[in-house]
Amino acid sequence: MIRSITQQKPMEEIEHLLEGMDRIFVIGCGTCTTLTRTGGVEQVAAMAEDLSARGKVITGTTVVPVACDNLTSDILSEFGARMNQADALLVMSCAYGVQTLASQLGQMVVPAQNTLFIGKENAAGQFNEICTQCGTCVIGETGGICPVTTCHKGLVNGPCGGTNNGKCEIDSNKDCAWTMIYNRLKELDRLDSMRTYKKPRNHLGEPSPGKFLIPEN
Amino acid sequence: MPSAFKKALDSGKFVVTSEVAPSKGTNLEKMAHHVELLKDKVDAMNVTDHQSSVMRFPSLGGALLVKEKGGEPILQMTCRDRNRLALQADLMFAASRGINNVLCLTGDSVMLGDHKQAKAVFDLDSSQLVAAVRTMERGKDMAGNDLDGGVRFCAGAIVTPEANPIEPQLIKFEKKIEAGAEFIQTQAVYDIDNFKKFMDYARQFDVKILAGVILLTSAGMARFMNKNVAGVMVPQNLIDEMAAAPKGGALKKGIEITGRMIAQIKDEKICDGVHIMAIGKEEVVPDIMSAAGLL
């Protein structure tokens, strides 16, 4: 399953973002940040404790099931009063959740996380970015491995000169995408696909910010 | 008119190129000194483009300086910092000023340089940049629009014969030639027997190959490259030879080794020439050439 992968901001940055706001309501998310252990029940409780120790008043906490869903009425009926007592909502979800809450609740929201990428859990506790949703999918020619995402430079014609022992020039623990693609295509007896020159990519498959409407019949 | 470098490549002579690095800042004295020293000794000088992703005076400006001093510049262009508009614009500017050699490179990651948080571009890759040069030579830009006044370049690219695994590199090498590369510079080669094997394969293509040679300045530097520089493999016997040099004599030994390798490559006609990289010690390039019997 794909997840929004997040990492908590340094407490100094969170403190800076909360400057002048003494009363805080903390919101976690039961989906992605629970899975990555950045905004689940435990982390929300720890954050509330940490902020208390730093002199903030915690007016309440909750972990909503899916912060990027529209939850206005549910949240407000249960926690509206305590949220209203707060100067800010500190949101421990990804940026989708923060923005959804910001658009629904008329209060200052502060993200506690940096949203890193949309990733896949490949092994317990290990998340990898495998698709950047570029809008012009090339994996039909690369054995199902995306070089746009998996190659640090997003190269589509083969490896750069920085690859070393099958690893990436920026990280000796990261597999070189093009070594993986080569091995895969060789196994599949489809190396001709790698030998074909690929023209420069269309980098604007869907101009940013992306927008999609289901076409009418 | 083909460039002087292109003529040298086509003449069948053993071609020698070297490298000059633009300065960190606008004081170009050191680079100008290196250009003066080398311009009449080598067939062309590569001007590096933010080498190792460290921000420097632009390669285009450096290539102009080489031209102004009467040398033959090879403009290095990486795809790291410019998109296809900027790359094409720079190619036109270069051509308009008589810079007619270009070496097309993907470029190191910005994460390896001194501006680690910069936005990397990589709109094109090295083979696509070679193809773009050829498209512009036909009077069209990459979008298919007519150019009022075209360009002409002797265009080259890079290969790493010591890469592991080698096969993906070779596929890319073939694509660069297919895209129109006329010459190929190699990453540093130290193991001549390995390099000969690469040349046995490369000889089937209509492309000139210049063997990259990097001056060894100490045994420690050789070990450092083995550990940290992708695609560079210094054999143990050369490291031992460097280590055995008398105190203060390592550079002299490095010059001797590099000269010896060049002489072997030339005498045995292993490839079409050499590209000498002295990395900060450009003033000894003439000594290397003397040691190789080229001066």
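In this predicted model, the sulfur of Cys271(B) lies 15 Å from the closest cysteine sulfur, which belongs to Cys154(B), and this is too far for a bond. Cys271(B) is also a buried residue, its relative accessible area being 5%. A comparable question arises in chain A, where the cysteine sulfur closest to that of Cys160(A) is found in Cys151(A), at 6.2 Å, which is again too far for a bond. Cys160(A) is buried as well, with a relative accessible area of 13%. A disulfide is a covalent bond between the sulfur atoms of two cysteines. Under the cut-off applied here, which requires the two sulfur atoms to be within 2.5 Å, the count over all chains comes to zero disulfides.

Cys151(A) and Cys160(A) appear again in the description of the enclosed spaces. The structure holds two cavities of 30 Å³ or more, and the largest of them has a volume of about 110 Å³. Its lining is made up of 16 residues, and those nearest the centre of this largest cavity are Cys151(A), His152(A), Cys160(A), Cys168(A) and Cys176(A). Three elements of chain A, namely β8 (167-168), β9 and α7 (177-187), give two or more residues each to the lining of the largest cavity. When the lining of the largest cavity is sorted by class, seven residues are nonpolar, four are polar and five are charged.

The second largest cavity has a volume of about 50 Å³, and residues of both chains take part in its lining. From chain A come Gly154(A), Leu155(A), Val156(A), Arg201(A) and His203(A), while Phe122(B), Asp123(B), Leu124(B), Asp125(B) and Gln128(B) come from chain B. The lining of the second largest cavity divides into four nonpolar, three polar and three charged residues.

Among the open spaces, the second largest pocket has a volume of about 1300 Å³. It is lined by 36 residues, and the closest to the centre of this pocket are Glu129(A), Thr132(A), Val148(A), Thr149(A) and Cys151(A). Both α6 (147-150) and β9 (171-175) of chain A supply at least two residues of the lining of the second largest pocket, and the largest share, four residues, comes from β9(A). In this lining, 13 residues are nonpolar, 14 are polar and nine are charged.

In chain B, helix α6 covers residues 167-179, and its 13 residues should span 18 Å at 1.5 Å a residue; the C-alpha atoms at its ends are 18 Å apart, so the expected and computed values agree. Because ten of the 13 residues of α6(B) are buried, this helix is largely enclosed by the rest of the structure. The buried residues include Leu170(B), Ile171(B), Phe173(B) and Ile177(B), and also the lysines Lys172(B), Lys175(B) and Lys176(B). The residue that follows α6(B) is Gly180(B), which has a positive phi near 125 degrees. Ahead of the helix, Pro165(B) is placed in the loop between β5 (154-159) and α6 of chain B, and the peptide bond from Asn164(B) to Pro165(B) is cis, with omega near 0 degrees.

Further features of the backbone deserve attention. Most residues other than glycine have a negative phi, and most peptide bonds are trans. In chain A, a cis peptide bond runs from Ser208(A) to Pro209(A), with omega near -5 degrees, and Pro209(A) lies in the segment after α8 (192-195) of that chain. Arg37(A), although not a glycine, has a positive phi of about 60 degrees; this arginine lies in the loop between α2 (32-35) and α3 (41-53) of chain A, and it counts as exposed because its relative accessibility is 66%. His50(B) likewise has a positive phi, near 45 degrees, in a residue other than glycine. The position of His50(B) is in the loop between β2 (44-47) and α3 (59-68) of chain B, and with a relative accessible area of 19%, under the 20% limit, His50(B) is therefore buried.

Finally, one side-chain contact in chain A may be described. Thr6(A) is part of strand β1 (residues 2-8) of chain A, and it counts as buried at 6% relative accessibility. The side chain of Thr6(A) is joined to that of Thr38(A) by a polar contact of 2.7 Å.

How values were computed: Residues numbered from 1 in each chain as written. Chains lettered and ligands numbered in written order. Predicted model: local features only at pLDDT ≥ 70, side-chain atom pairs only at ≥ 80, totals over all residues. Heavy atoms only, no water. 1 Å grid on protein atoms, 1.4 Å probe; cavity = no way out; pocket = protein on both sides within 12 Å on 5 of 7 lines; lining within 4 Å. Points joined across faces, edges and corners; volume = space filled by probe spheres on them. Nonpolar A, V, L, I, M, F, W, Y, C, P; charged D, E, K, R; others polar. Buried < 20%, exposed > 50% of the residue type's maximum accessible area, 1.4 Å probe, protein only. Expected span 1.5 Å × (residues − 1). Polar contact = N/O pair within 3.5 Å; in protein donor to acceptor, adjacent residues only side chain to side chain.
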